[in-house]
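Open the model in a viewer and keep a selection prompt at hand. The stops below run in the order in which they are meant to be selected.

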Amino acid sequence: MKKLFSTMLIAFVCAGALLSQDRVQKVVTIKNGNLNGILRTVKDLAPGNNLLISTDNEHIILSGSKEVVTGFEEVIKQLDVPPAVKRDIESNIYMIVASGDGPGAGSIPSELEPVIKQLKGIFSYKNFRVLESFVLRSRDGESGETSGMVLTDETPGIHRIRYEFRYRRVSLDGTDTAKSIRFDHLQLSLKVPTGTNQITFENAGISTDVDVPEGKKVVVGKTSGILGSDSALILVISAKVVD
């Protein structure tokens, strides 16, 4: 965009340089955009164009040759647009424990049954159950995080699995009919209690970038040995845009 503006301004200056050297002043009212952001952009483009720029926090005042001022006034009009409305993105996160033996399969929500069927076709695990699930909402382009603790039959005593879930940025992509939601630097960090008399916590986790088609459930990844050697924690996520 800066390259386009620079090219346009050079054309304005070259066309008018021989026509007039008279200086004019123009007050441009900022109606929709971010004044400080527009001001920074104009100042970045101004060097070499013999233009003086000032502001009263509602307007941008331009002073220079008529051709240069006219050119920068047009640039400001192009920049003075309402900011894009950020959409809310709601994510459903499921932490699923898969195991070969041990406790039988727990109650699986109906919306997860197709995912479990797919997992059974890929892995040799016999039992699947939801360890934890939660909903996280963020604005398009922003980060998100949450944390919690889960008590299971396999963890010693009253000690719980501690988890932290976060992503650096969630963003909306695609078209109105085929939206895709991008999670940058998605991380699930786990601290799993082990031992009997002396309790220690083992670290486990999943870290990746992932694209999730809106309304679809995506298997993000897995970490092995979460509750015994013949087990894994599988992370599943779905996401949608909400009003």
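Is Asn57 buried or exposed? This is a predicted model, and in it Asn57 has a relative accessibility of 64%, so Asn57 counts as exposed. Select Asn57 in the loop that runs between strand 2 (52–55) and strand 3 (59–65). Add Thr29 to the selection: the two residues are 28 apart along the chain, and their C-alpha atoms are separated by 9.7 Å.

**Whole chain**

Zoom out and colour by pLDDT. The average for the protein chain is 84, and 87% of the residues score at least 70. Now select residues 1–20, where pLDDT stays under 50. For this segment the model has 23 contacts beyond four places in sequence. Where pLDDT is low, the predicted coordinates should not be read in detail.

Switch to a cartoon. The protein chain has four helices and 12 strands. Of its 243 residues, 41% count as buried. Among contacts with a separation of 6 or more, 62% join residues 24 or more positions apart.

**Helix 3**

Select residues 66–79, which are helix 3. The helix has 14 residues, and at 1.5 Å a residue the expected span is 20 Å; the end C-alpha atoms are 20 Å apart, so the two agree. Show side chains and look for the buried ones, including Glu67, Val68, Phe72, Val75, Ile76 and Leu79. An α-helix has 3.6 residues a turn, so residues three or four places apart point the same way.

Ile76 also belongs to a nonpolar core that will come up again below.

**The largest nonpolar core**

Which residues touch the most other members of the largest nonpolar core? Select Met95, Phe165, Phe183, Leu186, Leu190 and Leu235; the core has 30 residues in total. Among the elements that give two or more residues to this core are strand 4 (88–99), strand 5 (127–139), strand 7 (161–167) and strand 12 (231–242). Strand 9 supplies the largest share, six residues. A separate second core has 18 residues, among them Val42, Leu51, Ile53 and Ile76. In soluble globular proteins, nonpolar side chains tend to be buried together.

Centre on Phe165. Beyond four places in sequence, its contacts include Ile93, Phe134, Leu136, Glu145, Leu186, Leu235 and Ile237.

Then move to Thr223 in strand 11. Its relative accessibility is 10%, so Thr223 counts as buried. Setting aside residues up to four places away in sequence, Thr223 touches Leu190, Ala204, Gly205, Ile206, Ala232 and Leu233.

**Aromatic rings**

Display the aromatic side chains. With ring centres required to lie within 6.5 Å, the count is five aromatic pairs. Start with Phe123 and Tyr125: their ring centres are 5.9 Å apart and the planes meet at 50°, so this pair is tilted. Phe123 is partly exposed at a relative accessible area of 27%, whereas Tyr125, at 14%, counts as buried.

Go next to Phe165 and Tyr167. Here the ring centres are 6.2 Å apart and the planes are at 80°, so the pair is edge-to-face. Both Phe165 and Tyr167 are buried. Extend the selection to Phe134, Tyr163 and Phe183, which form one aromatic cluster with Phe165 and Tyr167.

For the last stop, select Arg162 and Phe201. Arg162 lies over the face of the Phe201 ring, 4.4 Å from the ring centre.

Conventions:
Residues are numbered from 1 along each chain as its sequence is written. Side-chain values use heavy atoms; hydrogens and water are left out. Rings of Phe, Tyr and Trp (its six-membered ring) pair if their centres lie within 6.5 Å; planes under 30 degrees apart count as stacked, over 60 as edge-to-face and the rest as tilted. Buried means under 20% relative accessible area, exposed over 50%, partly exposed in between (1.4 Å probe, protein chains only). A charge sits over a ring if NZ of Lys or CZ of Arg is within 6 Å of the ring centre and within 35 degrees of the ring normal. pLDDT is the predictor's confidence in each residue, from 0 to 100. Contact means heavy atoms within 4.5 Å. A nonpolar core is a set of buried Ala, Val, Leu, Ile, Met, Phe, Trp, Tyr and Cys residues joined through side-chain atoms within 4.5 Å. The expected span of a helix is 1.5 Å times one less than its number of residues.
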